[in-house]
Amino acid sequence: MNERVPRRGVDGTIIEWLDVPARAVELHLEPHPEGGWYRRTWASAATVDAHGGTRPAATMILFLLPPGESSAWHVVTSDELWLWHGPGAVRIQHGGAAPAPDAGETCVLDAANPQVLVPAGNWQRTLPAETETLVSCVVSPGFSFDDFTLAD
């Protein structure tokens with residue numbers, strides 16, 4: 001029987017209950033509040049003053065998007081560099097820098113385009129995946145949920 005775990009919002013409230021995908025078990029990933037599965041794999045020992053606090057100079061996560069899953073519109077106050085590992089493609093939709101997202105250009109992250117930058121302060125979301133895809137995301141200055149906003 002599959003293990004079921006809660007996806008929690010940034011404030012800790014349960015959003016939904018999920019079956020854990022096999023690859024998430026193998027990689028020790030947990031549900032991300034925006035959608036998909038993640039684990040922080042690195043944080044720089046160097047720190048910087050940014051966004052009203054002290055942050056690592058950069059951080060990195062593994063992010064798994066199983067078939068049919070997507071992530072919600074969200075914005076981070078730091079640059080995000082997505083790095084593709086495969087096997088499937090991820091479509092990242094940009095939503096601009098206005099107070100609310102406005103569906104814009106969609107970039108495909110795959111073997112032909114293995115890196116995509118989402119500039120600081122820009123809305124983004126992943127669109128539903130057709131096949132399982134694993135990526136890494138490097139955030140600089142380093143990621144903090146204090147600097148993360150989900151769209152209403």
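These notebook entries record what I looked up in a predicted model.

**Entry 1. The largest pocket**

I began with the open spaces in the model. Rolling a probe the size of a water molecule over the atoms shows where empty space is left. For the largest pocket I noted a volume of about 220 Å³. I then listed its lining, which consists of 18 residues. Those closest to the centre of the pocket are His 32, Tyr 38, Ile 61, Val 139 and Phe 143.

Next I asked which strands supply at least two residues of this lining. I found strand S4 (37-43), strand S7 (59-65), strand S8 (74-76), strand S9 (79-87) and strand S14 (133-140). The largest share comes from S7, which gives four residues. I also sorted the lining by class and recorded eleven nonpolar, four polar and three charged residues.

**Entry 2. Aromatic pairs**

How many aromatic pairs does the structure contain? My count came to four. I examined the pair of Phe 63 and Trp 82, whose ring centres are 5.7 Å apart. The angle between their planes is 80 degrees, and angles over 60 count as edge-to-face, so this pair is edge-to-face. The pair links distant parts of the chain, with Phe 63 in strand S7 and Trp 82 in strand S9, 19 residues apart. Both of these residues are buried.

I then turned to Phe 143 and Phe 145, which form an edge-to-face pair as well. Here the centres are 4.9 Å apart and the planes stand at 85 degrees. Is each of the two residues buried or partly exposed? Phe 143 counts as buried because its relative accessibility is 18%, and the limit for buried is under 20%. Phe 145 is partly exposed, with a relative accessible area of 28%. I noted further that Phe 143, Phe 145 and Phe 148 form one aromatic cluster. Phe 143 therefore appears twice in my notes, in this cluster and among the residues closest to the pocket centre.

**Entry 3. Strand S12**

In strand S12, residues 115-118, I looked at where the side chains point. They alternate along the strand. Val 116 and Val 118 point to one face and are buried. Gln 115 and Leu 117 point to the other face and are not buried.

I also looked for the bridges of this strand to S9. Four bridges join S9 to S12, and the two strands run antiparallel. Among the residues involved, Leu 83 has Gln 115 in S12 as its bridge partner.

**Entry 4. Cysteines**

I searched for disulfides and found zero. Cys 107 is in no disulfide, and the nearest cysteine sulfur to its own is that of Cys 137, 14 Å away. Why does Cys 137 form no bond with Cys 107? Its sulfur is too far away, because a disulfide needs two cysteine sulfur atoms within 2.5 Å and these are 14 Å apart. I checked the surroundings of each residue too. Cys 107 is buried, with a relative accessible area of 15%. Cys 137 is also buried, at 5%.

**Entry 5. Asn 122**

Where is Asn 122 found? I located Asn 122 in the loop between S12 and strand S13 (123-126). At 19% relative accessibility, Asn 122 counts as buried, because the value is under 20%. Last, I compared Asn 122 with Arg 39: the two are 83 residues apart in sequence and 22 Å apart in space, C-alpha to C-alpha.

Conventions. Residues are numbered from 1 along each chain as its sequence is written. This is a predicted model: local features need pLDDT of at least 70, side-chain atom pairs count only at pLDDT 80 or more; totals for chains, interfaces and linings use all residues. Side-chain values use heavy atoms; hydrogens and water are left out. On a 1 Å grid over the protein atoms alone, a cavity is a set of points where a 1.4 Å probe fits but cannot get out, and a pocket is an open set with protein on both sides within 12 Å along at least five of seven lines; lining residues have an atom within 4 Å of a point. Grid points are joined across faces, edges and corners, and a volume is the space filled by probe spheres set on the points. Ala, Val, Leu, Ile, Met, Phe, Trp, Tyr, Cys and Pro count as nonpolar, Asp, Glu, Lys and Arg as charged, and the others, Gly among them, as polar. Rings of Phe, Tyr and Trp (its six-membered ring) pair if their centres lie within 6.5 Å; planes under 30 degrees apart count as stacked, over 60 as edge-to-face and the rest as tilted. Buried means under 20% relative accessible area, exposed over 50%, partly exposed in between (1.4 Å probe, protein chains only). Two strands pair if DSSP finds at least two bridges between them.
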